[in-house]
Amino acid sequence: MVGATATAAATRTDEPVLATVTFTVNGQRRELELDTRTSLLDAAREHLHLTGSKKGCDHGQCGACTMIVDGRRINACLTLAIMHQGAEITTIEGLGQPDHLHPMQAAFVKHDGYQCGYCTPGQICSGVAVLEEIKAGIPSHVTADLEATPQVTEAEIRERMSGNICRCGAYSNIVEAMTEVAGARA
Amino acid sequence: MKSFTYERPSSPAEAAAAVARTPEAKFIAGGTNLLDLMKLQIETPRHLVDVNGLGLDTVEPTDEGGLRIGALVRNTDLAAHPRVRTDYGVLARALLAGASGQLRNKATTAGNLLQRTRCPYFYDTAQACNKRQPGSGCSALDGVSRQLAVIGGSEACIATHPGDMAVAMRVLDATVETIDAAGAARKIPIAEFHRLPGDEPSRDTNLEPGELITAVTLPKPVVGTHIYRKVRDRASYAYALVSVAAILGKDGSGHVAFGGVAHKPWRVEAAEADLPKGAKAVTSRVFADAKPTHENAYKLTLAERTLSAALNQARA
């Protein structure tokens, strides 16, 4: 149980309500005392100073905040940090660092998968998770046969990446980067 | 966002009791719609009851040959489930046509049913909206209504149910299972789950305060081609302008429900006997009482053509 429970019966004020949460971020155990309203994105950026994940729309429409939580990509802006007690969280900082790039980061550099770079951390986290989703056999809207194993195709990548917006329009280069990583691994 | 207290109960009955006894409390599961609305202070719960730890996340066969889907099964997992892909293709297709990969990873079966029926004026707190603020009026009636309801609306509200999954659940004759604060269970046919706006558009469903969805059950599979056809403004991650969920035989006979046209998934069972006669015979009956605005009358033509495309797909 979390600390907020004790105050559940209190009458409403607009005072902040604090609660504690413990989770693992990029392999490190972190304990935070947070306003219950704090999104996982704000917890990472404002409290853990992991500013790689970006706040674009803050409403789940742009994907710039995408993190991998317990193996699944999610919009970190649309989830409360305190709902992730015990979770394993990976942000762009945990995927790779400048001296040790994740293959997807290296492929984005090689294929110019960005221009301004703001959406890039979310694109890369999403891209890594998308390839895992295809590998796990999870179908998509463009998978022709629901009972067949989905393949890494341009159409599959574009459909699965539709929750990540790039206003610079680097989409075709993002598809190339992801295709290369998928091929290298196959 | 307004501040709130938070708890994680350990059983469904405890969760239902917690919401029933706490003023302005809400359940939170995936949170993808609720938190979005809380940020805009359209939803302002003072207490959140997190149901994610309650189990309720398995898909099990029923004795009747159907499927019982736990309330907390994520949209991604439901769409990928082997039985759903094999026997309930319309449901898998509807799920995969909805939202984005990130959202489907979070969104739950129950939460998908409980996403708010809404329109752009519901989101714009500077505008009148009877759903958001009862009695304030409806800006949509004389406003931008291209995406809004063509049938089943009222003078108070013409919002559309935005879901895809619920349209498939409607054509599959799903049943929603709930538990209330006293621990009593009930089963609600999907046809009676969502409401039309009438003069009380603030209520989207017939759930009672504190009533918690525990599962959604599907009857045994219906043989036929399972089709979910969604027409939207862009190829992915957009609401339906019109969608068709259908299970059809080669002769066109079968079942059909429409999305994007009303305050709830829209199905007129009596019209389904006319499916072998073609789309127009069906849609002229399904939409006989339509009252489109000058901006959304196109949806009637689009519904007929989308059904026609589904019938062609089934016959191919």
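This is a short tour of a predicted model, going from the contact between chain A and chain B to one residue in chain B.

**Stop 1: the two chains together.** Colour chain A and chain B separately, then select the residues where they touch. You should have 51 residues from chain A and 47 residues from chain B. Together the chains bury about 4000 Å² between them, with carbon and sulfur atoms giving 51% of that area. Now pick out Arg8(B), Arg85(B) and Gln102(B): these supply 18% of the area that chain B buries against chain A, more than any other three residues.

**Stop 2: links across the interface.** Three salt bridges are found between chain B and chain A. For a salt bridge to look at, select Lys2(B) and Asp14(A), whose closest N and O atoms are 3.7 Å apart. Polar contacts between chain B and chain A come to 22 residue pairs. Next, show the secondary structure of chain B: the elements giving two or more residues to the side that touches chain A include β1 (5-7), β3 (47-50) and α6 (101-106). By type, the residues on that side of chain B are 17 nonpolar, 17 polar and 13 charged.

**Stop 3: Asp50(B).** Move to strand β3 of chain B and select Asp50(B). Which side chain of opposite charge is nearest to Asp50(B)? That is Arg8(B), 4.5 Å away, and Asp50(B), though buried, has no salt bridge. The side chain of Asp50(B) does make a polar contact of 2.5 Å with the side chain of Tyr6(B). Finally, show what surrounds Asp50(B): beyond its neighbours within four places in sequence, its contacts include Met83(A) from the other chain, along with Pro9(B) and Ile28(B).

Technical notes: Residues numbered from 1 in each chain as written. Chains lettered and ligands numbered in written order. Predicted model: local features only at pLDDT ≥ 70, side-chain atom pairs only at ≥ 80, totals over all residues. Heavy atoms only, no water. Contact = heavy atoms within 4.5 Å. Buried area = accessible area lost by both parts, 1.4 Å probe. Salt bridge = Lys/Arg side-chain N within 4 Å of Asp/Glu carboxyl O. Polar contact = N/O pair within 3.5 Å; in protein donor to acceptor, adjacent residues only side chain to side chain. Helix = DSSP H or I, 4+ residues; strand = E, 2+ residues; numbered from the N terminus. Nonpolar A, V, L, I, M, F, W, Y, C, P; charged D, E, K, R; others polar. Buried < 20%, exposed > 50% of the residue type's maximum accessible area, 1.4 Å probe, protein only. Lys, Arg positive; Asp, Glu negative; His and termini not counted.
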